[in-house]
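Let's take a friendly walk through a protein model. Keep the sequence and the 3D view side by side as you read.

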Amino acid sequence: MDSPQFNMNNPAVKRIMREVREFQRSKSSQCDAAPLEDNIFEWHFTIRGAEGTDFSGGIYHGRILLPAEYPMKPPNIVLLTPNGRFEV
């Protein structure tokens, strides 16, 4: 991801860009995540339900909202797929 519109001197931006590269190198068939093109502080993800659980066969979508103080403050994770267990 090439991001000239972001301040690459910002510690949060540096950390997020490093995490984007690490995540792209370690692709998984069980989950996928990526930041929005115009906002690296908002990611969208999908997770496959684990085999042998009530979630097996399901694909769950959510958002990860990173604060400007990341990684010193934790992200907010929002599950968008209704699944009967977690409130969306």
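## A threonine and its partner

A polar atom in the side chain of T81 lies 2.7 Å from the backbone nitrogen of H61. This is a predicted model, so please read each value here as computed from that prediction. T81 itself sits in the segment after β4, the strand that covers residues 76–79.

Is T81 buried or exposed? T81 counts as buried because its relative accessibility is 18%, and the cut-off for buried is under 20%.

## The sheet

Now step back and look for the strands. Four of them make an open sheet in the order β1-β2-β3-β4, and the pairing is antiparallel. β1 and β4 are the edge strands, each pairing on one side only. From one strand to the next, the twist averages 20°.

Let's go through the pairs one at a time. Strand β1, residues 31–36, pairs with β2 over six bridges in the antiparallel sense. These two strands form a hairpin, with two residues between them. If you would like one bridge to find, look at A34, whose partner in β2 is H44.

Next, β2 pairs with strand β3, residues 59–65, in the antiparallel sense over seven bridges. Here T46 stands opposite H61 in β3. H61 should sound familiar: its backbone nitrogen is the one that lies 2.7 Å from a polar atom of the T81 side chain. Finally, β3 and β4 pair over four bridges, again in the antiparallel sense, and G62 has L79 in β4 as its bridge partner.

## A closer look at E42

E42 lies in strand β2, which covers residues 39–48. How buried is E42? Its relative accessibility is 15%, so E42 counts as buried.

The side chains of E42 and H44 are joined by a polar contact of 3.0 Å. Leaving out residues up to four places away in sequence, E42 touches A34, P35, L36, R63, I64 and L65.

## The helix and the nonpolar core

Which strands does the helix α1 lie across? α1 lies across β1 and β2, and runs at about 30° to β2.

The largest nonpolar core has 14 residues, and those touching the most other members are V13, I16, I40, F41, W43, I64 and L66. Two elements give two or more residues to this core: α1, residues 11–25, and β2. α1 gives the most, with five residues. For a view of one core residue's surroundings, pick V13: apart from neighbours within four places in sequence, V13 is in contact with F6, N7, M8, I40 and F41.

## An aromatic pair

How many aromatic pairs does a search of the whole structure find? The search finds one. The pair is made by F55 and Y60, and the arrangement is edge-to-face, with 5.8 Å from centre to centre and 80° between the planes.

The two partners fall into separate accessibility classes. F55 counts as partly exposed because its relative accessibility is 21%, whereas Y60 is buried, with a relative accessible area of 15%.

## A cis peptide bond

One last stop is the loop between β3 and β4, where P71 is found. A cis peptide bond joins Y70 and P71, with omega at about 5°. Try finding this bond in your 3D view, then follow the chain onward to β4.

Terms used. Residues numbered from 1 in each chain as written. Predicted model: local features only at pLDDT ≥ 70, side-chain atom pairs only at ≥ 80, totals over all residues. Heavy atoms only, no water. Buried < 20%, exposed > 50% of the residue type's maximum accessible area, 1.4 Å probe, protein only. Polar contact = N/O pair within 3.5 Å; in protein donor to acceptor, adjacent residues only side chain to side chain. Contact = heavy atoms within 4.5 Å. Phe/Tyr/Trp six-rings, centres within 6.5 Å; stacked < 30°, edge-to-face > 60°. Core = buried A, V, L, I, M, F, W, Y, C linked by side-chain atoms within 4.5 Å. Pairing = 2+ DSSP bridges. Axes fitted to C-alpha atoms, helices over the stretch in contact; angles between N-to-C directions.
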